[in-house]
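Work through the exercises below with the model open. Each task is followed by a stepwise solution.

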Amino acid sequence: MASSSDTIYIKADRNVEVTKPEVTLGDVLKIECANSSVTSRLKTLKLLKFHNTDKKNQNRTAVSILKVIECIHEVYPNADIQNVGEQDFIVTLEEQQIAGQLLHWIKTVSVVIITFCGAAFSMMAFNNDVDVTKMFGQIYESLTGTKSSGFTILELTYSIGVIIGILTFFNHFGKKKFTVDPTPMEVEMRLYENDIQTTLIEDFSRKGKELDVGSSDHTGNSRT
C-alpha cells in the first residue's frame with residue numbers, strides 16, 4: 001500500500017483514443033511516482049469498459065479527473081495525487097482499420113481535385129468581381145500607350161505572385177515546410193478540434209453522462 005508520503009502525478013490529454021474496450025489508467029493517463037511499484041500498479045487499474053463496440057453505437061465518453069482520483073484512492077487511500085493535466089477528458093474507442101491502397105489513392109485524388117476546383121472557382125470569381133482584366137488593361141495602356149492583348153507582363157507577374165503568396169501564407173509545399181511554425185491550416189484545425197472537444201465535454205456533463213465521482217453508468221460504459 002502507498003504511504004501518506006507517496007505523491008502521484010497524473011496527466012491526461014484532452015482527447016484520448018483507445019483500441020480496446022477495457023480501458024485502464026495507463027491507457028489514458030501519464031503517471032509518475034517515486035515508488036515504481038505504485039506506478040506499475042496504477043497503469044493496470046481499470047477505469048471503464050465499453051460494452052457497445054459495434055459501429056451503430058457511439059463509443060465515446062467524457063471522464064472527470066475526479067473519477068480517476070477516486071479510482072486511485074480505492075487502491076491507495078493515503079496517496080497524495082497531483083493533477084497536472086486536464087480536468088475533464090474524452091475517451092474514444094477507435095477500431096483499427098487499414099484502408100486498401102487503391103481506396104487511399106482514390107480519397108487522396110478526390111480531395112486534391114475538389115480543393116483545386118474550389119480554389120480555382122474562388123479565384124476566378126474574385127477576379128471577375130473586381131474585373132482584374134480590365135484594370136490590368138488600363139494600367140498597361142497608361143504605361144505603354146498601347147492596348148493590352150490580354151496577356152502581358154502584368155498578367156504573368158500576377159499569376160506568379162499568386163503562387164508565391166499562397167505558398168508563403170500556407171508555409172507548406174508537398175511534405176516540405178518553409179519554417180518551423182505551424183501552418184494556418186494546422187492552427188485552424190487545432191482550434192476546430194478544441195471547440196469540438198469542449199462541446200462534447202459540456203454536452204456529456206449537461207446530460208449527466210460524464211463519468212464522474214458517484215455517477216452511475218449512463219453511457220453504456222462501466223468500471224469492472
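**Exercise 1: the sheet around β1**

T7 stands opposite D80 in β7. This is a predicted model: local features need pLDDT of at least 70, side-chain atom pairs count only at pLDDT 80 or more, and totals for chains, interfaces and linings use all residues. Residues are numbered from 1 along each chain as its sequence is written, and side-chain values use heavy atoms, with hydrogens and water left out.

Task: Find the sense in which strand β1 and β7 pair, then place both in their sheet.

Solution.
- Step 1. Strand β1 (residues 7-12) and β7 pair in the parallel sense, over 4 bridges. Two strands pair if DSSP finds at least two bridges between them. Strands (E, at least two residues) and helices (H or I, at least four) are DSSP runs, numbered from the N terminus.
- Step 2. The sheet is open, with 3 strands in the order β4-β1-β7 and mixed pairing.
- Step 3. β4 (29-33) and β7 (80-83) are the edge strands; each has a single partner strand, so one side of each is left without a neighbour in the sheet.
- Step 4. From one strand to the next, the twist averages 25°. Axes are lines fitted to C-alpha atoms, for helices over the stretch in contact, and angles run from 0 to 180 degrees between N-to-C directions.
- Step 5. Now add the helices. Helix α2 (residues 36-43) packs on the sheet and touches β1 and β4; its direction makes about 160° with that of β4. Contact means heavy atoms within 4.5 Å.
- Step 6. α3 lies across β1, β4 and β7, at about 145° to β1.

**Exercise 2: the sheet around β8**

Task: State the strand order of the open sheet that holds β2, and its pairing.

Solution.
- Step 1. The order is β2-β8-β6, an open sheet of 3 strands with mixed pairing.
- Step 2. β2 (15-18) and β6 (60-64) stand at the edges with a single partner strand each, so one side of each lacks a neighbour in the sheet.
- Step 3. The twist averages 25° from one strand to the next.
- Step 4. β6 pairs with strand β8 (residues 88-93) in the antiparallel sense, over 5 bridges. A62 faces I90 in β8.
- Step 5. Helix α3 (residues 65-75) lies across β6 and β8, running at about 70° to β6.

**Exercise 3: helix length**

Task: Check the span of helix α4 against 1.5 Å a residue.

Solution.
- Step 1. The expected span is 1.5 Å times one less than the number of residues.
- Step 2. Helix α4 (residues 101-130) has 30 residues and should span 44 Å; its end C-alpha atoms are 44 Å apart, which agrees.
- Step 3. Look just after α4: D131 takes a positive phi of about 55°.

**Exercise 4: two helices and a ring pair**

Task: Describe how the axes of helix α5 and helix α6 cross.

Solution.
- Step 1. The axes of helix α5 (residues 132-144) and helix α6 (residues 153-170) come within 9 Å and cross at roughly 130°.
- Step 2. That makes α5 oblique to α6. Angles under 35 degrees count as roughly parallel, over 145 as roughly antiparallel, 65 to 115 as roughly perpendicular and the rest as oblique.
- Step 3. F136, I139 and Y140 of α5 make the contact with L154, E155 and Y158 of α6.
- Step 4. The structure holds 1 aromatic pair. F136 and Y158 form this pair edge-to-face, 5.4 Å centre to centre, with 75° between the planes. Rings of Phe, Tyr and Trp (its six-membered ring) pair if their centres lie within 6.5 Å; planes under 30 degrees apart count as stacked, over 60 as edge-to-face and the rest as tilted.
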